[in-house]
2 protein chains.
Amino acid sequence: MDSATIQTVERLSGNTGKRPTVQTFMQASPRDALDLLEQFGATVSVQRDQEIHGQGEEANSCYRILRGCVRMVKLMEDGRRQIGEFLMPGDLLGFDALETHDFAAEAVSDVVLRRYPRRMVDALAERNAHLARRLRDLTSISLRTAHARLVLLGRKTASERIATFLLEMAERLPQARAGVLDMPMSRTDMADHLGLTIETVCRILALLRREATVAIERGTIEIRDHASLQQMASEQRH
Amino acid sequence: MDSATIQTVERLSGNTGKRPTVQTFMQASPRDALDLLEQFGATVSVQRDQEIHGQGEEANSCYRILRGCVRMVKLMEDGRRQIGEFLMPGDLLGFDALETHDFAAEAVSDVVLRRYPRRMVDALAERNAHLARRLRDLTSISLRTAHARLVLLGRKTASERIATFLLEMAERLPQARAGVLDMPMSRTDMADHLGLTIETVCRILALLRREATVAIERGTIEIRDHASLQQMASEQRH
DNA sequence: CGAGCACTTGAAAGATTTCAAGTCCAGTGG
DNA sequence: CCACTGGACTTGAAATCTTTCAAGTGCTCG
């Protein structure tokens, strides 16, 4: 995948005008400290299946997803793949990186992002305690998500994984549209996220469909029976 | 487990003397920003199998492990257990928490910790950018560790998990004592860390012993053939 | 309209788990 | 000091869940 295909669509001119002073940053206390970054953002588009950044690549930018879906991918030498998570509009990417990115980021669908220079993020954080705190909390939230996934991958059955995944996706969508999930990722992507094979994912989704727990269409899954899914997600074993 | 059994062994009186001013904190630039916390630390002991803090419990303290081994545990309703990681002397605990602890922390062996009040950690970080940055990086490091474990749990075979685990433990020990690992945790603990059963852990360790890749004794595992382990850790499949 | 890819579904294979006995120690009490 | 007990650890055999292998089906795009 060729990250050169990323196109800068728009670059706000916020930093060509009068430069805000350090004092401004220290006093600033917007609703969300991240708003401080906005003036340094650039909007970029990435096409489906293109790489936003590679695994192990130097972390020079952070992003906010404006449109589309992104997958965070780790690849083993022999091709086995683990998708750490899927990012949806509103989600942030790369704010918790160290020197390099842990995962490659790839566009699942056509994606529009807002890109921020990491140098700037770090520089601002150094002067603004609110922002610093916000960034730390962001990373803690990512960590919490990862920890929940350890249990899913380490101890849950295939059915539990699928059910948990669907419920998580449902919770993330603040869409009024009750229970209709955008699922732009392929079965392979789901499998690589859940530590299963594509066939197992298919079979379990087929099961859910036959039970009328979900209605499946190209690119969407509608949750018809939330309670059944919840039960399936935490089936008591034994 | 009764966290009331934690005993305060020693409480430094650093904060009873003249209080450092905010100015002091902002100018302070010790080798490690975390050193700022030292004067607010208290040393506590926890006995084997006692809880240091519960899962979901409010995060009021952070800790540094001085002696012994700690396991970070998540428990499912039906008793299935996932150990997120084992902490060894020098490791930090709870610095990446949000309001509550993701995991319960339990003493694998008798443990001695240095405890710091979280309120203080956060208050200092608000005034000292170095410390704030250090805390953010700490959390990022935890995140990186968790991400590596996602691949292990999602995509690696039982043998690869064991081999990877042993190599990781080896890397963490800066002990001059080449390849002799302190392994105070039970087989069950290892299994719950690696997403396996205790029997599978036993069988694979037995295999490694028969191959003379490792030498196993009560509480220690000596790595005799590092190369074999490395190969086993990243066996090309197919 | 055909090719290719994503997705399904069935059947066989396999890795790991579950069930079942032991074995080996460490600590306890006689 | 030594037998005893319980828990941790081992090992074997059967069971099972998931994967692997195979063979379609059905879209979508050219």
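Helices here are DSSP runs of H or I with at least four residues, strands are E runs of at least two, and both are numbered from the N terminus. Keep in mind as we go that this is a predicted model, where local features need pLDDT of at least 70, side-chain atom pairs count only at pLDDT 80 or more, and totals for chains, interfaces and linings use all residues. Residues are numbered from 1 along each chain as its sequence is written, chains are lettered from A in the order in which they are written, and side-chain values use heavy atoms, without hydrogens and water.

Let's start at DNA strand D. A residue is near this strand if one of its heavy atoms lies within 4 Å of it. The strand is surrounded by 18 residues, with Ala158(A), Thr200(A), Arg203(A), Cys202(B) and Arg203(B) the closest. On the DNA side, 60% of the atoms within 4 Å of the protein belong to sugar or phosphate, and the rest to bases.

Now look at some individual pairs of N or O atoms (a polar contact is such a pair within 3.5 Å). In the side chain of Arg187(B), an N or O atom sits 2.9 Å from a phosphate oxygen of DNA strand D. Thr197(A) also places a polar side-chain atom 3.2 Å from a phosphate oxygen of the strand. Glu199(A) turns our attention to the bases: an N or O atom of its side chain is 3.1 Å from a base nitrogen. Two elements, α6 (198-210) of chain A and α6 (198-210) of chain B, give two or more residues to the surface near the strand. The largest share, five residues, comes from α6(B).

Notes. A polar contact is a pair of N or O atoms within 3.5 Å; within protein, one must be able to donate a hydrogen and the other to accept it, and residues adjacent in sequence count only if both atoms are side-chain atoms.
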